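Visitor: Could you take me through this model and show me how each label is earned?
Guide: Gladly; let us look at the structure and then reason from the values to the words.

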Amino acid sequence: MTLQLAQLVQLWGHPEISGATSAQLQVELGPVCTDSRQLQPGAFFIPLRGERFDGHTFLNQAAQLGAQAAVVASDWNEPLPEGLLHWRVEDTLWAYQQLATLHRRQLKASVVAVTGSAGKTTTRELIRATLAPLGDVQATVSNNNNDIGVPLTLMGAHQGHAAVVVEMGMRGLGEIERLSRCAEPEIVVITNIGTAHIGRLGSRAAIATAKCEITAALAPQGVVVIPAGDPLLEQALSRCWSGRTLRVALEGDIAADLPESDCPAPDLIGVHDPQQGLLSLKGLRFSCPLEGRHNARNLMLALAVASELGVPLADLQHLKVTVPGGRNRRLSIGTLTVLDETYNASPEAVLAALDLLAQQSGRRFAVLGTMLELGASSIELHQAVVSRAVQLGLDGLVAVASGEEAAAMQRAATSLERFALVESPELAAEPLNHWLQPGDTLLLKASRGVALERLIPLLKQP
């Protein structure tokens, strides 16, 4: 983006300049850069701060490389490069987000924001695919869903983009509100309210409140797209949003005895056929590009967004979607099928993956690793996912865990004929290579910190 001096004067007042006169001020400034290693001559440098770095230490280098302007934190007391046009701000990250908002307001593209306890990235990619008929779509890349990643995504958009899809993650209250105010979305999607980060927030109710912050800067004429049937989500949403809400569900999602006063009826109801890999909706049959009932529900959310933005649903019956590695990936090692879900794990995501595993033919095995950031609920939730594995009749399970979580998983697995408890992904290979036979299916699921993908190269062709 190219910045006009007048725009920045409106944001932060008149600039300062070291060792030069006001006659040297440029009319245009840009592009915005936060990494001095990628800086181009004429850039507007934003020195960000982290736990282990301070971008202010690169101000001199940025000036030498040709940066013509920068923002500088008000508490930075070191001498500034001579001739560098600059603004003093309380927080350079805040300034960075303000620049992203300024750029977003200049875009013609519709902005869609996505959050939730599980399925954010998958739903983001499904929405990107459903909006493709509108033209080029800018979307969050990788896990750039935080205070730095959201403005990065917005500033990567240009006037040729038809839509921008922004994923928003969080670790505590207030974070998604900041991101919403940065992106000013027209449509927001909340995939679900689960127990991810419950160790930080304390309850699902608090998680619902945090996720509903995504409506903080939603346009009054905008719409919230959510799965129907969650009273906690409905309650949290009612406290912060009085505009239009679009609810989606799969047939069988809503409990028959759930009062409509707690959960309004769905606006869109689809029928999922897992054997055929089809979703039926509004008289149309859609090929599900990703396996599992949970992903059919995510597809419903994406189709609702596309319909809101004017994409004919009939044009979306054969979507092609690619999700980042470690999510919904099916590998073959000889005749062994590996369901690679190693990227991350919350209890809800693990339960959904186990249900997908249960639909596979032949013998079924799983490796489940520790789920992180569950706080006081950790023991109960680790025991619950293993209990579900037992209930589904798996033929074997390896738990990669230690401490109280390991003990809880072991207690829940007492009736399994084949169960092993190990402390690292590499150690899981030994029992698996002994158990597995041709035609088996193996699920791998754990939090990112477990790095369960290290097991894959050690699996032998049975």
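Visitor: What makes the charged end of Arg 327 sit over the ring of Tyr 343?
Guide: In this predicted model, the charged end of Arg 327 is 3.7 Å from the centre of the ring of Tyr 343, and the rule asks for CZ of Arg within 6 Å of the ring centre and within 35 degrees of the ring normal. The distance satisfies the first part, and the pair is listed as a charge sitting over a ring, so the label applies.

Visitor: Why are Phe 44 and Trp 87 called an aromatic pair that is tilted?
Guide: Four aromatic pairs are counted in the model. In the one formed by Phe 44 and Trp 87, the rings are 5.9 Å apart from centre to centre, with 40° between the planes. Centres within 6.5 Å make a pair, and an angle that is neither under 30 degrees nor over 60 counts as tilted, so both words follow.

Visitor: Which parts does this pair tie together?
Guide: Phe 44 belongs to strand E5 (residues 44-45) and Trp 87 to strand E7 (residues 85-89), so the pair links parts that are 43 residues apart in sequence. Both Phe 44 and Trp 87 are buried, and together with Trp 12 they form one aromatic cluster.

Visitor: Why are E2 and E4 called edge strands?
Guide: The open sheet has five strands in the order E2-E7-E6-E5-E4, with mixed pairing. Strand E2 (16-17) and strand E4 (32-33) each pair on one side only, and that is what the name edge strand refers to here.

Visitor: How do you know that E6 and E7 pair?
Guide: Pairing requires at least two bridges, and five bridges join strand E6 (residues 69-73) to E7, so the condition is met; the two strands run parallel. As one example, Ala 70 has His 86 in E7 as its bridge partner.

Visitor: Why is Cys 263 in no disulfide?
Guide: The closest cysteine sulfur to that of Cys 263 is in Cys 212, 12 Å away, whereas a disulfide needs the two sulfur atoms within 2.5 Å, so this distance is too far for a bond. The count for the model comes to zero disulfides. Cys 33 is likewise in no disulfide, with the nearest cysteine sulfur, that of Cys 182, 17 Å away.

Visitor: Are Cys 33 and Cys 263 buried or exposed, and how do you know?
Guide: Buried means under 20% relative accessible area; Cys 33 has 8%, so Cys 33 is buried, and Cys 263 has 5%, so Cys 263 is buried.

How values were computed. Residues are numbered from 1 along each chain as its sequence is written. This is a predicted model: local features need pLDDT of at least 70, side-chain atom pairs count only at pLDDT 80 or more; totals for chains, interfaces and linings use all residues. Side-chain values use heavy atoms; hydrogens and water are left out. Buried means under 20% relative accessible area, exposed over 50%, partly exposed in between (1.4 Å probe, protein chains only). Rings of Phe, Tyr and Trp (its six-membered ring) pair if their centres lie within 6.5 Å; planes under 30 degrees apart count as stacked, over 60 as edge-to-face and the rest as tilted. Helices (H or I, at least four residues) and strands (E, at least two) are DSSP runs, numbered from the N terminus.
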